[in-house]
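Here is a short briefing on one protein fold. Look over the sequence and the model, then work through the points below.

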Amino acid sequence: AGSAVLMQAGAAAGGKRAARRRRGQPQPASHAPAASAQPPPTGLASGPAGEFAGSLRACVRNKQPHKARELYDAADGAVLPVGESYAAVMRALLKLSRVDLALQLHRDHTHAHPLLADGNTTAVLFSRLLRRGTSAAADGVAEATALLADIDARSPPPRDTCSAPPSPASQTARLADALAGQAPLWVAASRSMLPALALEQLRRGDAPAAEAVALRFARTARAAAAAAPPLETLKALTRAFGKARCVGGVYACLEAAESGGIAPDAELLQVLVDALVHAVRFVKGGVSMETLPTGGLAEVAFVGRSNVGKSSLVNMVLGRRAIAYTSKTPGKTQQYNYFAVNEGRAVGSFHLVDMPGLGFAKVAAPLRARWNAFLSEYFASRRELRMVVHLIDSQVPLQETDVSIMQMVGAAVAARSEQEGSGLAPPLDYAVVLTKADKNDGRVSNRTVDQVRRALESAGCPAATPLVPSSAKTRMGREAVWMLLREVMSEVRLEES
Ligand SMILES: Nc1nc2c(ncn2[C@@H]2O[C@H](COP(=O)(O)OP(=O)(O)OP(=O)(O)O)[C@@H](O)[C@H]2O)c(=O)[nH]1
Ligand SMILES: [Mg+2]
């Protein structure tokens, strides 16, 4: 820390006047003090700033925390910009293990200069507080929570406008802030303090509190992408939420990654599946309405033309190599194959249904008619069905069979939303997954997307129907498909009869 103090002191070596000038400048809420952006001048710090750094080092050496604190009061922006003396004295106090004095310094400093505490320094204080508290008798979590509430009051995150995403310009400005070494308090709170708090709460076995905290950083990330916790932090938290079987917490992490524009790597995708899928069992294959499972567990059906990759997507989503059978030859899946995910759990359990492929030329006409009648009855009246995921091959032009699936599902979605609350089948969600994107370098052409959008509209499907590009080969889209399942995964199941 000695050299860090020197560096900070060096930036202010211009002397008292420069320091005062900087201090006099109005500081925008979300910008780091201007001094931090300037490279330190060459040579060792000299003058009052150098003396300050030297005295502070002596305090650490001689174990004089109170004297270190006095240095901050004496400096008061004349020797160093206040943000820098705050950071330097804070580090000295923590080095001396005086978390109590450090917390007091933070309080006094933010009280006098609400915008000048840098987030990174405060985050260090926060994690020390969280782990040990100010004393052996104190509860670190309670003290850290109080500190967070104080930060929230003084440096609130930008409002989540929800419907209107923040403009690219403000996103860029916020990202620049977050990267400028001295994050504003609200960014540091969202990126590192809240995740650290959630982890500690999980360690203590308080998953509901941890979930509430995760939802807070997810909300902030939605308003400002730069405030999303980094990938590695999200991985650790997702793992911990999975261990605690806290579905809501896992989804909060996933939402934060999505809002932050953080592309999940292979490890996060694995961590995600491990956190959400604890058990999978093949239940049975149904061939008619009467032969489908009873018991009332909510279900999600994967439908689509023969050979589009339904069974492959089931395997990818569930993280199982071959629980659903796949084949190069169309017509492999011949029944409504039911897989029970996390059976018996109050939250996070559902049936995933791998359906037979449609539009397979070799099926005789009468049999095909029977299948179609079954299918439309299934979409319209199967009470357990919550969501239809329609797989469309992104590498071939849209087929007639796809259009008839859209029409069938579109009609069911409309009918079921009309009869909502009538005791008949509950509302139905619909999403489209565009498969085999690996064949085109992981991209789905705009032409394909336009074609699908137009067909959805003509079929009377909701305008907001999600389109998710995917590849069972590269696992692209795995997190997006899990995001589609958020509602089903979050439903609380009553005791099954
Ligand atoms: N390149 C590539 N091939 C895929 C992908 N998904 C599936 N396939 C291949 O497509 C073929 C059909 O996959 P399945 O998963 O059996 O398709 P299905 O929709 O279940 O087929 P049916 O059960 O016959 O209706 C297999 O040879 C898979 O390896 C993908 O994302 N990329
Ligand atoms: Mg299949």
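The points below cover the sheet, its helices, the cores, the cysteines and two loop residues.

This is a predicted model. Its open sheet has 7 strands with mixed pairing. The largest nonpolar core holds 101 residues. No disulfides turn up: a search of the whole structure finds 0.

**The sheet**

- The strand order is β1-β3-β4-β2-β5-β6-β7.
- β1 (280–286) and β7 (467–469) stand at the edges. Each has a single partner strand, so one side of each lacks a neighbour in the sheet.
- Neighbouring strands are turned by 25° against each other on average, direction ignored.
- β5 (residues 385–393) and β6 run parallel, and 7 bridges join them.
- I392 has L434 in β6 as its bridge partner.
- As general background, strands of a sheet pair through backbone hydrogen bonds, either parallel or antiparallel.

**Helices across the sheet**

- Helix α15 (residues 310–318) lies across β1, β2 (299–304), β3 (336–341), β4 (350–354), β5 and β6. Helix α15 runs at about 140° to β2.
- Helix α16 (residues 365–381) lies across β2, β3, β4 and β5. Its angle to β3 is about 35°.

**The nonpolar cores**

- In soluble globular proteins, nonpolar side chains tend to be buried together.
- Which residues touch the most other members of the largest core? They are F302 and W482.
- Helix α10 (residues 185–203) supplies the largest share of this core, with 10 residues.
- A second, separate core has 35 residues, including L292, Y378, A455 and A459.
- Beyond its neighbours within four places in sequence, W482 is in contact with several residues, among them Y251, L272, V317, F350 and M489.

**The cysteines**

- A disulfide is a covalent bond between the sulfur atoms of two cysteines.
- Why does C246 form no such bond? The closest cysteine sulfur, in C253, is 9.0 Å from the sulfur of C246, and that is too far for a bond.
- C246 counts as buried, at 7% relative accessibility.
- C59 is buried too, with a relative accessible area of 3%.

**Two loop residues**

- K436 is not a glycine, yet it has a positive phi of about 60°. K436 lies in the loop between β6 (429–435) and α18 (446–458).
- D441 also has a positive phi of about 60° without being a glycine. D441 lies in the loop between β6 and α18.
- Is D441 buried or exposed? D441 is exposed, because its relative accessible area is 65%, and the cut-off for exposed is over 50%.

Key: Residues numbered from 1 in each chain as written. Chains lettered and ligands numbered in written order. Predicted model: local features only at pLDDT ≥ 70, side-chain atom pairs only at ≥ 80, totals over all residues. Heavy atoms only, no water. Core = buried A, V, L, I, M, F, W, Y, C linked by side-chain atoms within 4.5 Å. Buried < 20%, exposed > 50% of the residue type's maximum accessible area, 1.4 Å probe, protein only. Helix = DSSP H or I, 4+ residues; strand = E, 2+ residues; numbered from the N terminus. Contact = heavy atoms within 4.5 Å. Disulfide = S-S within 2.5 Å. Pairing = 2+ DSSP bridges. Axes fitted to C-alpha atoms, helices over the stretch in contact; angles between N-to-C directions.
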